[in-house]
Amino acid sequence: MSEYTSMRSEETSSYISEQTPTFVSEQEPTYVSEKLPTNGYNKANDINKVSVVLGSQWGDEGKGKVVDLLATKADVVCRVQGGNNAGHTVMIGDKKYDFHLLPSGIVNKNCINLIGNGVVVNLPELLSEAKKNEEKGLTWWRENLLISDRAHLVFGFHQEIDGNLETLKGSNKLGTTKKGIGPAYSNKAGRVNLRVGDLMGDEEQFKKKLIDLVDHLQRQYPKLNFDIQKLFQEYSSIREIIRPMVCDTVHYMYEHLHSAKPTNILIEGANATMLDIDFGTYPFVTSSNCTVGGVCTGLGVPPNAIGEVIGIVKAYTTRVGTGPFPTEQLNEIGDKLQTIGHEFGVTTGRKRRCGWLDLVVVQYAHVLNNFTNIAITKLDILDSFDEIKICTAYTFKGKKLPLFPASLDTLSEVTTEYITLPGWKSNTTQCTQWTQLPENAQKYVQAIQDFLAVPVKFIGVGPKRKAIIEVY
């Protein structure tokens with residue numbers, strides 16, 4: 001036996017001897033300690049919680065307005081998915097801020113804004129967006145912005161591919177924003193894309209990875225033509241601009257979740273439930289998870305860290321682009337909603353399709369996200385209507401569907417069932433309290449709350465920052 005073997009045997013023998021259990025009798029062996037002492041480590045739920053704001057329809061519900069309100073008290077505001085295909089508008093006084101990648105909380109000087117690992121980031125577009133808002137007075141964005149080193153990059157060639165793929169679909173176009181989001185997520189899933197951390201690392205390695213990615217894509221898309229050297233130079237200059245902002249956001253969030261100091265953390269959902277890659281009206285969806293599960297995967301926080309989940313419900317329904325829309329009104333009602341509501345996409349400028357509120361959609365969103373409360377937005381757009389309809393059920397071949405269906409074939413044949421409520425025919429934009437709303441407006445809100453069995457916490461009655469009623 002070697003000296004090493006002998007030594008290890010003695011150590012093992014000693015270890016086994018020390019760990020040998022003490023027996024009460026030959027029949028019933030019992031360890032000295034019947035339970036492993038936890039020493040107070042079992043504090044899984046003793047952490048700060050995150051509040052989540054999610055769209056319950058097809059986007060454009062007015063999430064930015066609610067986030068702006070909540071961000072005034074927030075320490076951290078986070079984006080967790082999507083890219084600059086999202087668009088949130090915040091009105092402060094006479095200034096209008098449009099955000100696509102920047103979290104809406106960036107308007108709050110005292111708030112850190114974080115772009116999580118689940119976001120795909122077009123860095124030139126991010127800096128351009130920041131510059132435009134800086135010209136409006138938002139000068140503190142550099143000090144208040146953090147970017148995950150795990151976030152994936154969107155390049156110009158992703159946009160080119162996105163546009164080409166949409167063109168090839170012909171009459172079957174999805175209505176994509178052509179921002180390169182889908183191709184970037186596709187490359188992420190294919191494990192060939194680059195991340196922010198790659199840009200922050202060795203320059204030559206980044207260049208090599210970039211060349212490899214372009215070569216890979218050019219084999220798939222032979223007509224793809226890009227100046228690699230020009231792109232590399234552009235990103236070399238961007239690297240130094242964003243370097244102070246890049247960090248390990250998983251560790252950053254862990255520290256804040258487990259801080260002894262109460263920390264107000266707000267998650268700003270982009271896009272909306274019905275555009276979720278798994279649960280939306282596929283394939284007329286986006287390329288990420290816009291539901292509450294995306295918070296965990298897009299930020300690196302555990303499920304038990306999720307506290308309040310606020311569902312944003314526009315008082316009527318809109319969607320941009322193609323895809324099913326059961327309550328769409330292709331008539332003067334739809335035109336009136338579009339005109340009064342100024343329904344144009346923040347990102348694309350496209351005219352939004354409009355229709356009555358669809359509570360089958362919102363109920364489905366609640367099933368997926370378990371809203372703790374909801375915010376009804378743009379109630380004032382309905383001020384001039386004589387009567388207002390709410391869709392409360394779908395029937396298919398004579399049978400009521402229990403939930404929003406997955407099949408687009410089924411969805412194309414459903415019959416929508418409505419309840420009709422009287423309009424209030426008066427201006428709600430000056431209302432600041434629930435009791436000031438007209439009686440019929442209160443009944444409309446009450447009908448939504450009763451159907452969903454979820455309390456209404458906020459009611460939006462205009463585009464300005466203060467045009468929102470806090471019910472409780």
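Accessible areas here come from the Shrake-Rupley method with a 1.4 Å probe. On that basis the chain, which is a predicted model, exposes about 22,800 Å², with carbon and sulfur atoms supplying 51% of this area. The chain has 472 residues, of which 49% are buried, and its secondary structure comprises 15 helices and 20 strands. The points below begin with the chain and then turn to two helices and two side chains.

**The chain**

- Taken along the principal axes, the C-alpha atoms fill a box of roughly 95 × 65 × 50 Å.
- Among the contacts in the chain with a separation of 6 or more, 75% are made by residues that stand 24 or more positions apart.
- The chain carries 50 positive and 53 negative charges, and the mean positions of these two sets are 7 Å apart.

**Helix H12 and its ends**

- Helix H12 spans residues 332–340, and its buried residues are Gly334, Leu337 and Gln338; these three lie on the same side of H12 because they cover an arc of only 95° around the axis.
- The face of H12 that is turned away from this buried side carries Glu332 and Thr339, both of which are exposed.
- Strand E13, residues 353–355, is included in what covers the buried residues of H12.
- At the N-terminal end, H12 is capped by asparagine 331, which has a side-chain oxygen 3.0 Å from the backbone nitrogen of isoleucine 333.
- Following H12 comes histidine 342, which has a positive phi, near 50°.

**Arginine 352, between H12 and E13**

- The loop that runs between H12 and E13 contains arginine 352, and this residue counts as buried because its relative accessibility is 8%, where the cut-off for buried is under 20%.
- One partner of the arginine 352 side chain is the side chain of aspartate 60, with which a polar contact is made at 3.2 Å.
- A polar atom of the arginine 352 side chain also lies 2.9 Å from the backbone oxygen of phenylalanine 344.

**Aspartate 75, between H2 and E2**

- Aspartate 75 is found in the loop between helix H2, residues 63–71, and strand E2, residues 76–79.
- Its relative accessibility is 32%, so aspartate 75 counts as partly exposed, the class that lies between the cut-offs of under 20% for buried and over 50% for exposed.
- Leaving aside residues up to four places away in sequence, aspartate 75 touches Asn110, Cys111 and Ile112 as well as Pro262, Thr263 and Asn264.
- Although aspartate 75 and asparagine 110 are 35 residues apart along the chain, their C-alpha atoms are separated by 7.1 Å.
- With asparagine 264 the approach involves the backbone, in that the backbone nitrogen of asparagine 264 lies 2.7 Å from a polar atom of the aspartate 75 side chain.

**Helix H6 and its surroundings**

- Helix H6 spans residues 181–189, and the residues buried in it are Ile181, Pro183, Ala184, Tyr185 and Asn187.
- The buried residues of H6 pack against two strands, E6 (120–121) and E8 (152–153), and against two helices, H5 (156–168) and H8 (203–220).
- Just after H6, arginine 191 adopts a positive phi of about 60°.

Terms used: Residues numbered from 1 in each chain as written. Predicted model: local features only at pLDDT ≥ 70, side-chain atom pairs only at ≥ 80, totals over all residues. Heavy atoms only, no water. Buried < 20%, exposed > 50% of the residue type's maximum accessible area, 1.4 Å probe, protein only. Helix = DSSP H or I, 4+ residues; strand = E, 2+ residues; numbered from the N terminus. Arc of directions from axis to C-beta. Contact = heavy atoms within 4.5 Å. Polar contact = N/O pair within 3.5 Å; in protein donor to acceptor, adjacent residues only side chain to side chain. Lys, Arg positive; Asp, Glu negative; His and termini not counted. Charge placed at Lys NZ, Arg CZ, Asp CG, Glu CD.
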